[in-house]
Amino acid sequence: MTPVSEPEIRRACAVPTDPIQYSHRSGTRSAQPELPVDQLLAEIERIAALPLEDSVTLPAQAYTSHAFFDWEVENVFRKEWLCLAHVSQVPAIGDFLNVDILGESLLVIRDKSNVVRVLSRVCPHRGMDIMPPGFGYDGHSPAEVRDGVSGCGHTRLLLCPYHSWTFELDGRLKACAEMQEARGFNRDEWGLSTYRCEVWQGFVFVNLDGDAPHTVAEQYAGLGAHLDKWNLADMEVVFAREWDCPFNWKVLTENFMESYHHAGAHSQTLQPMMPARDTWTEREKSHYIRCHLPLKPALRDQIAACEARGERWDTFPPIPTVTGEDRYEWGLFLGYPSFKFLVTADCAIWYRTQPLGPDRLKLLTTMLVPKSTVKHPDFDAMLEKGSAQSVAFHLEDMEVCMAVQRGYYSSGYQRGRLSHLEMPIWLIQRYLAARARGTWPGLDREPAASQRPEKEGAAA
Ligand code: FES
Ligand SMILES: [Fe+2]
């Protein structure tokens with residue numbers, strides 16, 4: 001594909017103004033027939049039960065229906081653990097990060113006892129957002145914004161700009177003037193709402209419903225054992241860029257996880273390094289998907305020769321504990337439903353997604369490196385190169401994701417067949433089907449055959 005520029009992509013993603021040009025963004029204008037949620041779920045269960053060799057794509061309505069999106073919000077997103085932040089974004093007491101997800105205005109904050117919490121920004125007085133975007137940072141509020149892109153800032157206390165109630169960093173109400181005549185009013189009962197949260201491997205997760213049956217650590221135990229060598233908790237987010245995406249969250253997730261498209265969308269960028277043909281997916285897990293993207297053999301030789309000369313092949317200094325096969329591949333992960341990240345020999349990339357509707361989501365693409373890398377004298381130049389590379393392949397992904405979403409509104413959309421290289425798409429279908437049954441994949445049926453089972457021993 002001919003490379004497209006970032007301004008071109010951003011223009012194409014802009015909020016629609018022309019109803020004809022952007023008609024594909026409205027589910028009501030779809031040329032596909034309506035499909036009730038129960039029928040859609042029955043179809044997902046049917047195809048999820050097929051062997052990988054027989055697998056097909058989801059019905060178009062799974063990507064366009066408002067009713068189905070509502071089902072996903074209630075039965076998937078609100079019930080699951082969602083990743084909001086990395087601890088390096090709130091390193092000191094009073095550091096915070098604003099994030100809006102599924103209609104919830106949230107605040108990730110490090111309180112005075114050094115605990116990272118997830119609080120609601122909705123004031124318990126009259127419902128005001130205590131830190132609405134663009135308001136309260138003008139000297140009226142004690143909060144100062146450090147990074148508008150990722151919503152990071154610092155404050156000594158939380159102040160609602162409406163009637164100036166103030167809150168401690170843990171959400172307790174600290175002061176509220178002129179409330180002495182409100183009968184029975186007890187300040188201790190009127191803090192900001194708090195959400196169940198957990199920090200795992202340096203990432204901050206929230207469970208909106210508060211009754212997820214497992215902890216993040218339990219769900220991702222297998223992942224954690226593998227990721228220890230990256231010491232993700234000690235990494236720093238050094239690059240973050242926000243994207244307004246006119247496509248369904250599954251379009252992005254499927255694209256992120258399958259590497260079959262290296263051969264097409266990334267033919268100039270990723271395919272020469274990691275040919276689609278050699279990528280593979282591990283056996284089905286209950287809570288996550290793990291894929292391997294090996295560098296091609298000629299590159300392994302190049303790396304060895306380069307390192308023998310004492311030169312650096314990678315963009316950043318390679319992480320010394322990342323050895324063996326991990327040194328020579330990208331590791332790609334999806335923690336169901338939306339925790340997307342990849343690790344390489346020198347960095348990690350994490351994508352935060354905030355679904356907004358069947359055809360829209362907000363995406364934050366980030367890059368993390370070890371703290372020691374940040375101290376390197378050439379770090380700025382390395383970061384410029386690394387971030388440019390990550391944006392280059394992301395633009396290629398944006399272009400195809402937009403075009404795929406348009407396809408789902410067309411009468412020409414056909415239920416496609418999947419390549420064995422697209423096993424993650426089939427696994428995501430099995431995850432959705434399991435959620436429809438109120439279970440998790442692999443817990444209520446035999447594991448599916450792995451795409452390349454013979455390789456799993458080598459990777460363990
Ligand atoms: S709404 Fe927050 S102080 Fe009144
Ligand atoms: Fe891609």
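What geometry does the site of the iron ion (ligand 2) have, given the angles among its four donor atoms? Keep that in mind while loading the structure, which is a predicted model.

**First stop: the iron ion**

Select the iron ion (ligand 2) together with H261, H266 and D397, and display the side chains: the protein donors are NE2 of H261, NE2 of H266 and two OD atoms of D397, lying 2.0 to 2.6 Å from the ion. The angles among these four donor atoms run from 54 to 150 degrees, and the site is irregular. That label follows because four donors count as tetrahedral only if all angles lie between 85 and 135 degrees, and as square planar only if opposite donors are over 155 degrees apart and all others between 65 and 115. Water is not among the atoms, so the site may look incomplete. If you then trace the donors along the chain, they follow the spacing H-x4-H-x130-D, and a surface display can be used to look at H261 and H266, both of which are buried.

**Second stop: the largest pocket**

Next select M273, T315, W330, D346 and Q389, which are the closest to the centre of the largest pocket among the 22 residues that line it; the space in this pocket comes to about 430 Å³. Colouring by secondary structure helps here, since strand 15 (329-335) and helix 9 (379-408) each supply at least two residues of the lining, and helix 9 gives the most, with five residues. Colouring the lining by residue class instead shows 11 nonpolar residues, six polar and five charged.

**Third stop: a cis peptide bond**

From strand 15, move on to the loop between that strand and strand 16 (339-343), where P337 lies. Select Y336 as well, and inspect the peptide bond that runs from Y336 to P337, which is cis, with omega near 0 degrees. Most peptide bonds are trans, and most residues other than glycine have a negative phi.

**Last stop: two positive phi values**

Select N114 in the loop between strand 3 (104-110) and strand 4 (116-120), where its phi is near 70 degrees, a positive value in a residue other than glycine. With a relative accessibility of 44%, N114 counts as partly exposed.

Then go to Q201, in the loop between strand 10 (194-200) and strand 11 (203-207). Q201 is not a glycine either, yet has a positive phi of about 50 degrees. Is Q201 buried or exposed? Its relative accessible area is 17%, so Q201 counts as buried, the cut-off being under 20%.

Notes
Residues numbered from 1 in each chain as written. Chains lettered and ligands numbered in written order. Predicted model: local features only at pLDDT ≥ 70, side-chain atom pairs only at ≥ 80, totals over all residues. Heavy atoms only, no water. 1 Å grid on protein atoms, 1.4 Å probe; cavity = no way out; pocket = protein on both sides within 12 Å on 5 of 7 lines; lining within 4 Å. Points joined across faces, edges and corners; volume = space filled by probe spheres on them. Helix = DSSP H or I, 4+ residues; strand = E, 2+ residues; numbered from the N terminus. Nonpolar A, V, L, I, M, F, W, Y, C, P; charged D, E, K, R; others polar. Donors = N, O, S within 2.8 Å, 3.2 Å for Na, K, Ca; no water. Tetrahedral: all angles 85-135°; square planar, octahedral: opposite > 155°, others 65-115°. Buried < 20%, exposed > 50% of the residue type's maximum accessible area, 1.4 Å probe, protein only.
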